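The following exercises guide a reader who is new to this structure. Please study the sequence and the model, and attempt each task before reading its solution.

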Amino acid sequence: GTVIFLARDIVTQIRFVRTSRNYPPSDRRDLIDLAGEYGSNFGLLVSGSISRPYTAGLFRPVIYLPDIELPEEQWRTILRHEVQHIRSHDEVKKLFFLAIQALFWWNPLAHISRKEIDTILELQCDARVTAGMSKEEVDAYLDLLRTLKERKVEQRIPVGASTMVWDQKQLEARFVAIQNSVSASKMCSSAIVNIFLDRKSTRLN
């Protein structure tokens with residue numbers, strides 16, 4: 001069973017490598033310049049053969065972007081999201097749990113945990129990207145996720161890759177978490193303001 005699971009992942013990786021070699025590159029100078037603002041510890045590949053943004057690569061991460069037209073601010077958000085996956089070493093975490101799945105292939109919990117880990121890592125990434133955003137900026141972030149979700153998925157992605165948007169179920173969980181986080185932040189800010197005003201009122205009296 002372990003050999004079968006490892007073989008499946010190896011085949012998936014080989015197919016991705018073969019397919020990605022045929023991606024027609026796009027000379028998007030605007031995206032290359034934007035990506036440069038986030039450092040040089042990753043590669044960038046923009047192609048019309050890519051449907052949705054994702055990041056892959058253990059030792060030399062590459063951010064894969066679709067060759068589509070989006071406002072600059074949305075591209076900044078996408079890059080910030082993908083760079084956060086790189087900084088958090090999410091591919092290492094995913095490959096670790098893939099190894100767990102292969103070793104304990106007979107245990108249903110191993111397969112459930114793989115899907116859950118993917119969702120948890122996306123939730124963590126969302127939380128870091130949206131930290132400090134205003135409500136309007138968070139709404140724009142959610143709109144961007146909706147826009148990317150509408151794009152068709154025909155691309156092969158490598159083992160351990162982090163895709164910005166995947167299935168509807170995961171997206172719904174992320175929406176709830178982000179919206180709850182915004183609500184909690186607003187409540188906290190309101191409480192701090194009220195405490196400040198109460199103290200100020202007490203001093204004046």
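**Exercise 1: The sheet**

Five bridges connect strand E1 (residues 43–47) with E3, and the two run parallel. Strands are DSSP runs of E with at least two residues, and helices are runs of H or I with at least four residues, numbered from the N terminus. The model is predicted: local features need pLDDT of at least 70 and side-chain atom pairs count only at pLDDT 80 or more, while totals for chains, interfaces and linings use all residues. Residues are numbered from 1 along each chain as its sequence is written, and side-chain values use heavy atoms, with hydrogens and water left out.

Task. Determine the order of the strands in the open sheet.

Solution.
1. Two strands pair if DSSP finds at least two bridges between them.
2. Within the E1 pairing, leucine 44 has isoleucine 63 of E3 as its bridge partner.
3. Strand E2 (residues 54–56) is joined to E3 by three bridges, and these strands run antiparallel. Here tyrosine 54 has tyrosine 64 as its bridge partner.
4. E2 is also joined to E4 by two bridges, again antiparallel; tyrosine 54 stands opposite threonine 163 in E4.
5. The order is therefore E1-E3-E2-E4, with mixed pairing. E1 and E4 (162–163) are the edge strands, each pairing on one side only.

**Exercise 2: The environment of E3**

Task. State whether the residues of strand E3 (residues 62–66) are buried or exposed.

Solution.
1. Buried means under 20% relative accessible area, exposed over 50%, and partly exposed in between (1.4 Å probe, protein chains only).
2. Five of the five residues in E3 are buried.
3. On one side these are Val62, Tyr64 and Pro66, and on the other Ile63 and Leu65, so that both faces are covered.

**Exercise 3: The nonpolar cores**

Task. Identify which members of the largest nonpolar core touch the most other members.

Solution.
1. A nonpolar core is a set of buried Ala, Val, Leu, Ile, Met, Phe, Trp, Tyr and Cys residues joined through side-chain atoms within 4.5 Å.
2. The largest has 28 residues, of which Leu65, Trp75, Ile78 and Met164 touch the most other members.
3. Among the elements supplying at least two residues each are E3, helix H3 (72–87) and helix H6 (135–149). H6 gives the most, with six residues.
4. A second, separate core of eight residues includes Tyr23, Ile50, Tyr64 and Ala161.
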